[in-house]
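Student: I should like a close look at one part of this structure, set in the context of its surroundings. Please describe its pairing and then what lies around it.

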Amino acid sequence: MRSPPLPGRPALAAAVRLALCAPLTLAAPAAFAQTAPGATTLEDVVVVGSRPIAESEAAALEIQRDSVSLVAVAAADAVGRLPDQNIAQAAGRLPGVGVARDQGQARYINLRGAPASWTTLSIDGISIVSPEGRDTRYDSLPSAIASQIVVQKAVTPDMTGETIAGNVDLRTRSAFDYDDLHVAGKLGGGHVELGSRQEYEGSLVASNRYEVGTGEIGLLMSGSYYQRDMVTDNFETDWEQVAQDRQSGFADRVWARETENKLYRLTRRNYSGSARIDWRPDGDGGRYFLQSIFTTFTDDEQRDNFIFDLDDRQGDNTRGPAPCTIAQATSAANSGYADVCIGNTPFLGTVYGIDINQRATLREFEQSIFTNTLGGDHEFGAWRAAWRLNYTQSRDDRSVTGEARYDSPSTRTLRPTVRYDLRDPQLARVELFRTLQTAGQFSAGARVTNIDDFARPLTSLRLLDAVDTTDSYTAKLDLERDLDLFGGETSLAFGFQFDQRTKEADEKEILLNQAAQFTAAGIPTTYVPVSLDTRFEGEIPLGYTFRYFDIRAMRDMASRAKSIASFTPILPNFYEVRETINAAYGMTTTRYGWGSVVGGVRVEQVENRAKAFSTVAGTPRLNDIENSETLLFPSLHVNWDVTEDKKIRLSFSSGAARPDYDQLRPNFMFSDSNQTVSGGNPEAKPERAYGADLYFEWYVQPQGYVMAGTFYKKAEDVLFDDVRVFGLDVLDAGGVDRSNYLFSTVTNGGDGHLYGAEVAVQQQLEPFTTAWGLPDWLGGFGLSANATYNVSEATKPDGSKVRLPGTSDYVYNVGAYYEKYDWSVRLNYQKRSKWLDTIGAAVDGGDAYWAADDEMDFSVRYAVNAGLEVYFDASNLLDNPGRRYSGGSPYTIEWERFGRRYTAGVRIQL
């Protein structure tokens, strides 16, 4: 299973072994134990603590160089050198990796511009289903659980067929990675500027090896904890074309149907724990291991949401297409919404007597992964075998402790008149006024700055118990042996894999929406008694003052609701999808004096069974649908060693991204809080893709890296999220009209393609100071930079062309660092251009895009001695907002800012 060393390897290994302090040796056998035959392996990499960036980059490059396919690697110390709290942030430093963020925290990965669902996740080679589904959320995975992050960009037959863009494999630790007792830890705390909040972090790894009568046992335990308290500045606007606007030019006008502020108080936590035992029996050359990992992400969210329902009285506009004289008016017979005749425009105007819809929401979300693997590696004569048995449970708890809604009364003069100014894409301005009515005309009265001066009685209180659970079982066997075939040294590998994944979504609610219910429960029906008289903690200009809701009062309201009502199942939102995959592959790896060739094919039989309830004439009915398909995935990889330090890689691969589990359910589900309906499509087909890569790599001696490459992927049956107004009354119940909710489903479009290029360079000045006659201190400077350029296009179901969702034209990272005299200092800048988020109908404002995103981080470390290091990290230094917009850039849908963060602490190693 060990790959023979490549020419020039001793020089690179010598560069890594810069013995400035006691080295830490990662022993080869433990790395082999964590990978299947034919996978990338790590041999005798030595990382020393005084030059963490340069040396861990060199270790990562050694893994890349020895790989028989195209990979990018972040080694453990490299992950720890920057403020990379989760896997998405850490992988985002690598070439071709773009990240999408939520609340300023890296969450999703787009690999070389491809949609997030085209990239799969594995832990030690075992595929993991994210709690959210196939769109893997990486913010639930703290970087502390990984010793390496291997981004596999070219797909080989031993990888799952649902990989199109690539796979992110997290390689975990073993006690056999270390010579004897090993203890490493980190403890720190910090400050978040916006809202003057705090963050905390800590991690600990402990392991040891023990000689026993039957061999050697290794034990390892680890744990990590991260917490960030934060607030956010936010505004959001929903856009629409208005049927009542028929004046000249109406086809080009998109109006704001509502504008709102979502003002968050958040506490986010990541914590993990793992335990692993390895046993190497004497004499048989084998190894057994058992590993458990639990990792969770919690989001305790208090959201004060004020929605100004500008289209509240849309139907009052009855002007029709008859031409009018446009004149600025100070009153109107209707609400003024979408009425150009009185001088209103989509970006500036006044609407009279409209609704304030207030939502006070207390949510306690949790996403967790609990994965357990039993495995072994053995040699039987000429054969090598690796087997794995795995059980993983992924859990997505979307429960809402309580959401109280307060709405303006129906009397127009008790509602506000709202003057809106949306001309600045970076700020939605609103001013509130009293509403006056004289002789059938409505006008603005006195300015109001305290929003609580407008009556808003309680209209509903909702408690939600919503949990999605995915249970996954995997059994895999990989076999490999060396043969003299094809004129070179050939290893023949084949394997079998069984996966069964069952995802079940279960929702229950308590909904109080009658005055008699509030009275029976003793729940206040006005807002002020359940609110706090505290200042606004954000910085965005609101145009009004408000009071935060009281968390304790919300918990009390929820408790009172439970005293008079029980949770009721929401049958339309229930579904169960079971996916069974039987797979086999065969591949050969042939090594020649000039390089290597890897080729083979994987076959997968996929069976799906989906169950869900639909309601017909008021009667629930269980739908049960089954389907199956068999897919082949051939691939070929050619690695040419041009010289001892230069490589050319050429690869051809294929894959299929299947629809997500919720997209396969045979029913509709709805969310009253978000006013959305989503429907499954069990007949949706997988996206098939075929790709080619051509890359040049130069491993500059003694320590450096230059890479340039191009890639192309052709896709068939591209999946699109289709969004439109629901328009049906089949879900109307309990006096709730859901026909005007936004309906989303998945459907196949036509063909598409993605192509582009990427470049990368890593180099430190140290090897050249003597030859160039430079002072020794200059040798500490180094550079790490990479850039990716993408072009994509796909055919929508209606035949029109768009770029693939998640694709930025370019993504780049630039990092400059200095490491010498026990100091390690780094400044890193990341940027990605705008990207398509979702496909939308023109009536709802069109497609939604995320604007260009850039971030800058700074870190400094000082090694007090071989076992103690102090550090300081500064994150999000540019503090640029995240902005999503609809159609053209001026139409901002969502805008959020999160603040700079500063953390300091200590790291120890024994």
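Student: In which sense, parallel or antiparallel, do E15 and strand E18 (residues 355–380) pair, and over how many bridges?

Tutor: The model is predicted, so local features require pLDDT of at least 70 and side-chain atom pairs pLDDT 80 or more, whereas totals for chains, interfaces and linings use all residues. Residues are numbered from 1 along each chain as its sequence is written, and side-chain values use heavy atoms, without hydrogens or water.

E15 and E18 pair in the antiparallel sense over 23 bridges; a strand is a DSSP run of at least two residues, numbered from the N terminus, and two strands pair if DSSP finds at least two bridges between them. One point of contact in this pairing is Asp 304, whose bridge partner in E18 is Ala 360.

E15, which spans residues 287–309, also pairs with E14, again in the antiparallel sense, here over 21 bridges. Gly 273 has Phe 294 of E15 as its bridge partner. E14 covers residues 255–281, and the hairpin of E14 and E15 has five residues between the strands. Within that hairpin, Gly 283 adopts a positive phi near 90°. Of the 23 residues of E15, 19 are buried (under 20% relative accessible area, with exposed being over 50% and partly exposed in between, for a 1.4 Å probe and protein chains only), so the strand is largely enclosed by the rest of the structure.

Beyond E15, the chain enters the loop between that strand and strand E16 (331–332), where Cys 324 lies. Cys 324 forms a disulfide (cysteine sulfur atoms within 2.5 Å) with Cys 341, the two sulfur atoms being 1.9 Å apart. Cys 341 sits in the loop between E16 and strand E17 (348–351), so the link ties together parts that are 17 residues apart in sequence. With -95° about the S-S bond, the link of Cys 324 and Cys 341 is left-handed. The count of disulfides comes to one. Cys 324 is partly exposed, at 28% relative accessible area, whereas Cys 341 counts as buried at 6%.

The two strands flanking these loops reappear in an open sheet of five strands, which has the order E16-E23-E22-E21-E17 and antiparallel pairing. E16 and E17 are the edge strands of this sheet, each pairing on one side only. Inside the sheet, strand E21 (residues 417–421) runs antiparallel to strand E22 (residues 429–438), and five bridges join them. Thr 417 stands opposite Phe 433 of E22.

Another open sheet of five strands has the order E3-E8-E9-E6-E7, and its pairing is mixed. Its edge strands are E3 (71–75) and E7 (126–127). Five bridges connect strand E6 (residues 119–123) with strand E9 (residues 166–171) in the parallel sense, and Ile 123 is placed opposite Leu 170 of E9.

Leu 170 also belongs to the interior packing: together with Ile 149 it has the most contacts inside the largest nonpolar core, of 52 residues. Such a core is a set of buried Ala, Val, Leu, Ile, Met, Phe, Trp, Tyr and Cys residues joined through side-chain atoms within 4.5 Å. Apart from that core lies another, of 36 residues, including Trp 255, Ile 356, Val 418 and Tyr 420. By contrast, Leu 389 in strand E19 (residues 383–397) counts as partly exposed, at 44% relative accessibility.

Note on methods: Helix = DSSP H or I, 4+ residues; strand = E, 2+ residues; numbered from the N terminus.
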